There are 4 protein chains.
Amino acid sequence: MIKAGIIGSTGYAGAMLTWLIYNHPMAEVEFLNAHSNAGSEYSDLYGNFQGFINEKTISMEQTEEKLKDIDVLFISMPHGKSFEIVPKALALGVKVIDLGADYRIKNANTYQQWYNVEHTQRQLLQRAVYGLPEINKAKIKEAELIANPGCYPTATILGLAPLVKNNLIDINSIIVDAKSGVSGAGRGTNVANLFCECNESVKAYGIGTHRHTPEIEQALGELSGKQVLINFTPHLIPMNRGILSTIYGSLFDKNINEQSLKDIYTEFYKDSPFVNLIDMPPETRNVKGTNNCRIYLKKDVRTGRIVVVSVIDNLVKGAAGQAIQNMNLMFSIDEKTGLKLIAQLP
Amino acid sequence: MIKAGIIGSTGYAGAMLTWLIYNHPMAEVEFLNAHSNAGSEYSDLYGNFQGFINEKTISMEQTEEKLKDIDVLFISMPHGKSFEIVPKALALGVKVIDLGADYRIKNANTYQQWYNVEHTQRQLLQRAVYGLPEINKAKIKEAELIANPGCYPTATILGLAPLVKNNLIDINSIIVDAKSGVSGAGRGTNVANLFCECNESVKAYGIGTHRHTPEIEQALGELSGKQVLINFTPHLIPMNRGILSTIYGSLFDKNINEQSLKDIYTEFYKDSPFVNLIDMPPETRNVKGTNNCRIYLKKDVRTGRIVVVSVIDNLVKGAAGQAIQNMNLMFSIDEKTGLKLIAQLP
Amino acid sequence: MIKAGIIGSTGYAGAMLTWLIYNHPMAEVEFLNAHSNAGSEYSDLYGNFQGFINEKTISMEQTEEKLKDIDVLFISMPHGKSFEIVPKALALGVKVIDLGADYRIKNANTYQQWYNVEHTQRQLLQRAVYGLPEINKAKIKEAELIANPGCYPTATILGLAPLVKNNLIDINSIIVDAKSGVSGAGRGTNVANLFCECNESVKAYGIGTHRHTPEIEQALGELSGKQVLINFTPHLIPMNRGILSTIYGSLFDKNINEQSLKDIYTEFYKDSPFVNLIDMPPETRNVKGTNNCRIYLKKDVRTGRIVVVSVIDNLVKGAAGQAIQNMNLMFSIDEKTGLKLIAQLP
Amino acid sequence: MIKAGIIGSTGYAGAMLTWLIYNHPMAEVEFLNAHSNAGSEYSDLYGNFQGFINEKTISMEQTEEKLKDIDVLFISMPHGKSFEIVPKALALGVKVIDLGADYRIKNANTYQQWYNVEHTQRQLLQRAVYGLPEINKAKIKEAELIANPGCYPTATILGLAPLVKNNLIDINSIIVDAKSGVSGAGRGTNVANLFCECNESVKAYGIGTHRHTPEIEQALGELSGKQVLINFTPHLIPMNRGILSTIYGSLFDKNINEQSLKDIYTEFYKDSPFVNLIDMPPETRNVKGTNNCRIYLKKDVRTGRIVVVSVIDNLVKGAAGQAIQNMNLMFSIDEKTGLKLIAQLP
């Protein structure tokens, strides 16, 4: 059994991680770390685990002592908080999967510019592998430190990768309009996330300034070999889970056949069990609670643009599920282990 | 592998059954029957199964031909529709689990009075076993025909059984105020179930006339050995899934200790892995997607009444999960097989 | 114009008060007081008022200076916070309508027992009038200090008053099972009120201990002339607004005709323009945004109990609308002024 | 009083019209027409009107007889259904405001291509005025026949008009990504609009094929004097009401100052009381139940694009409220009459 520790187990991504490891046939939870809730019964914080998990959360001090007992450390903390613990874990030979943003951006200056935090572990940036298995599988298998992708970037990069890799669209024409459920905002208390503030409304936020922008641009830049600037606009939707990313780009060849484009996607993802091209515009509910990404594409013959719609569960493929997928690869077990999840409807 | 057929696979309970059997390690779906949607790709009707189930639904005629190939038949149809198929399946030695109401009420006249349908298979009523495993486990193991309980009765009877069995409350004082998500109304199209009609509102319905009333009364009557009349008021809540049943009854012994009552529940359910007495009022989300029933009780010293709160997922413990639990028992496999489900939060 | 000040204008009831006064033809807002948000643009806190209200909230110190400029003071603060300001306002001849709980319970000891706060203005308790116009209209017209009823008590007392006043039910048989939207929990930040925590779930809370219990019992006691103990169980529903109270009681005369009961309600409320007896179980959405209370009753001939369903908007008839209705009566203008509101569907 | 008839009063737009006219100080409802529900009590169909409207819906035959009694006819029917009644009403001197699509597209061939219906009243197309008062106020005042704009076009055209009119963006760069509440789908019964199908999910639909596309293109074409092709992608959001349109376009002058752009909007809408440019990204809830359109704009200096976010209530400014605004203009009364509505929060 792979022994796993979770730092930040009391956020929504942390709780999803706990769920996935609890249900994983080859991994088990060694400890559940918490910050403000350290010392609480975990099942008092997440009532769904009552009768299943009978364990108290531990503090960071206790966590450090337990690092030596684990094989893999998952970190689900706000950006800027992981810098101390990561080197300690790595020094002990523990593999690290960071669900936060600290090791995603290769350029520390870019990181600092978008996140307003100084990066104090620059030497680790090149060791860190961006954990999007559909793009980086080989490197992930060898990695000690994974920068687990953000939720919006996961949906968006998967939606665009075949087009960008094959140089089919004008890299400077890309517009990403994304919609997320409220769990993306985390479990922190602020007025904006109250039920009565989110319910029965939709809004855009972080227009042109959202921190997932450089992450998407970096990945597309690597795929295309060019510098990429995109427009990215996230929106908040009154539902718990799910991201839908609607992506627009100008095709170089206006006459390219839609089926050809579909074939390119199918080929690109032929070894990616969690990504499916489908024939009808996808709904987030169909991937809820799963590690799947579903992609739909439509060539608009009138404008010569392609419209791609990509959906994931922000807490699974967009966070904890992808982290488990990375763990599976790092420990040389089947990528799908513990992730054969089908959404329940309704 | 247990080979299962599902009649009425396109309703919400049918879709949940399909999900559970698909994920069950010792059973498999042999056919998916549909009525108005016969001949459709199942994954066109339930997009969650896209990439997992690649099968067309079949008509009742095709279903009859396939009866000989299965071990167990699940029926999820409106009341009054099962009378023809059940005897045919039983005659072939197929075990039948009927999720509908037709075999729940032992007294055919009572059935006819509440359901406005003539019962044309009265001879089967005594062969049918009421499939609430926490009450009837021994009989279920021997049964050929299971009348799978209704969703409200499941939550309510489980909430009351220890009190009633032990003669602790005045059987004529019982008031059941239940709240259900909208999936309980099924997938049929009518204005009342549209998103904009249910959302942002709550209502009572079927006050004093809901068909689950005699089913609850029958079960409580059997437990107490007395005739029982209750008040039962269901309410519709703007959420997909979940039932919460709030139950009131007058304690015979006003001085009885709350802990004693809790001990009686714990004892009563000591062999029931899906029923848990908990210390805080339960929330439906904590059992969503699971076969669990959680019960909370509170003695009100001021009024001498007990208040019991019982929650289930109406489509799982209240329908398809309980059906699988019954199947497990009928085929002598562990009751929990395929049902070790934990809710995902949020 | 009636000049009104609002203390606690930034809670949900305060915001509804602001809306109602802004739309009232004979009243105007003189100041908007806030606690933690003092000094903010009101329309930054409530974006709906952008373009309509261009005013900053003021602190308690500023409020005290402005008391002399107003005719009526609305107070919407947590219990225990009004004791200082009320006497100051009354001393200046300002009429006071307190939406909080501090003057609702006549017996200060009962108040202290349920609210865990010492009552430091006991001498005002007898001057305070319980502001339920359908019961106390004459007294309200003469009052200087109104204790505006709680939301659950408003729905419940209106649902029960005709039965209790006419001695038709056993006063000790009353069970009140109430359901409320999340706005009842206010705009304070805590995890339990986050979108992802309330959405897709229902729960009971405060079973047997909710502070509205003694308020309901006091009102029913006054109507019946007897001491009353009830069971009261509130539930949280995933919607913004609305209360539905389902009420059960045992009829003394099991043979009484349902129509006679309806006639008694119609007679009782003949001068109450906001209360309507209707023929179908009411839905909260039909009174959303309005000052109306709709009541449905059903005699259950099987059990001899009556079931009453009463709905209101918790922020209007259950708080701010009722406060305006009281203001209208206190200032001798038509009770309906500024309150002729019809719900918008959907 | 302006006497108004409503054809199609039982759809959501029709019900909103009824609400607005009922609350309008200078208009009154003369009849409420229905199709499948003709002969029903209106308040049985829309319970919010119980106690306010005590009138039965009438059939089309009865409607024709009553045309002579009204001043204005509102039509809220599916496209293709208005062709018979409009000429009859006009012949009687009745002003007609058609909330449907039949007179919006000036080119009958374009209409037929997108709507798959033959246009049998082509001679009326030039008499019809596109009823977007912020663009066409002078013509609306003189009009006999108004083609009331679609909901998506209203939000989108208002969001783009100042840019397009002033030739600030590349007309062929426009991408419109719109999000709508479920009421936009109407009150018809189909599985896709059930609560359990829409709740907790988001989806795109009609990608590249939605019928509001040519309507938006026509309006932008008139404003710019050029032919316009856009990408338009609508999405369904789990809420009752509201449209948020996120609009992207390439600025000709990448160096233009954001404040200059804002000034252009302010100037453009200086005589438009319902349109406001605001400083924070708008939320649909802040315009719910109102005739307001709120617009936010952001210049993205990195890409040289402008992002405009425009919100309306799809049933008010996007349908019935705009129809009333048009009526006010046609009858020479203040545009704002009956439309001074502020959203209630929460």
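Which residue forms a salt bridge with D:Lys270, and how many Å apart are the closest N and O atoms? Let's work that out, then move on to the interface of chain D and chain A.

A note before starting: this is a predicted model, in which local features need pLDDT of at least 70 and side-chain atom pairs count only at pLDDT 80 or more, while totals for chains, interfaces and linings use all residues. Residues are numbered from 1 along each chain as its sequence is written, chains are lettered from A and ligands numbered from 1 in written order, and side-chain values use heavy atoms, leaving out hydrogens and water.

**Exercise 1. Find the partner of D:Lys270 and describe the setting of both residues.**

Step 1. Apply the rule: a salt bridge is a side-chain nitrogen of Lys or Arg within 4 Å of a carboxyl oxygen of Asp or Glu.
Step 2. The partner is D:Glu267, with the closest N and O atoms 3.0 Å apart.
Step 3. Check accessibility, where buried means under 20% relative accessible area, exposed over 50%, and partly exposed in between (1.4 Å probe, protein chains only). D:Lys270 has 54%, so it's exposed, and D:Glu267, with 47%, is partly exposed.
Step 4. Look for salt bridges that share partners: they join A:Asp177, A:Lys179, D:Asp177 and D:Lys179 into one network.

**Exercise 2. Set the pair A:Asp313 and A:Arg241 beside the pair C:Glu84 and C:Lys88.**

Step 1. Start with the total: over all chains, the search turns up 80 salt bridges.
Step 2. In one of them, the side chains of A:Asp313 and A:Arg241 meet at 2.9 Å, N to O.
Step 3. Place that pair on the chain, using DSSP runs numbered from the N terminus (helices are H or I, at least four residues; strands are E, at least two). A:Asp313 sits in the loop between β13 (305–312) and α11 (316–330), A:Arg241 in the loop between β9 (231–236) and β10 (243–250), and the two are 72 residues apart, so distant parts of chain A get linked.
Step 4. Both ends are buried: A:Asp313 has 1% relative accessibility, and A:Arg241 has 2%.
Step 5. Now the other pair: C:Glu84 and C:Lys88 have their closest N and O atoms 3.9 Å apart. Here C:Glu84 is exposed at 59%, and C:Lys88 is partly exposed at 35%.

**Exercise 3. Work out how chain D is related to chain A.**

Step 1. Superpose the copies by least squares on the C-alpha atoms of residues with pLDDT of at least 70 in both.
Step 2. A rotation of 180° with 0.0 Å of shift along its axis puts chain D on chain A, with an RMSD of 0.0 Å.
Step 3. The two copies are therefore related as by a two-fold rotation axis.
Step 4. Compare the contact residues (heavy atoms within 4.5 Å): 100% of those of chain D recur in chain A, so the same surface serves both copies.

**Exercise 4. Describe the contact between chain D and chain A.**

Step 1. Count residues: 48 come from chain D and 48 from chain A.
Step 2. Get the buried area, meaning the accessible area (1.4 Å probe) that two parts lose on being put together, summed over both. The value is about 4,100 Å², with carbon and sulfur atoms giving 53%.
Step 3. Find the top contributors: D:Glu200, D:Ile207 and D:Arg302 supply 17% of the area that chain D buries against chain A, more than any other three residues.
Step 4. Add the charges: the rule finds 6 salt bridges across this interface. D:Glu217 forms a salt bridge with A:Arg302, at 2.4 Å between the closest N and O atoms.
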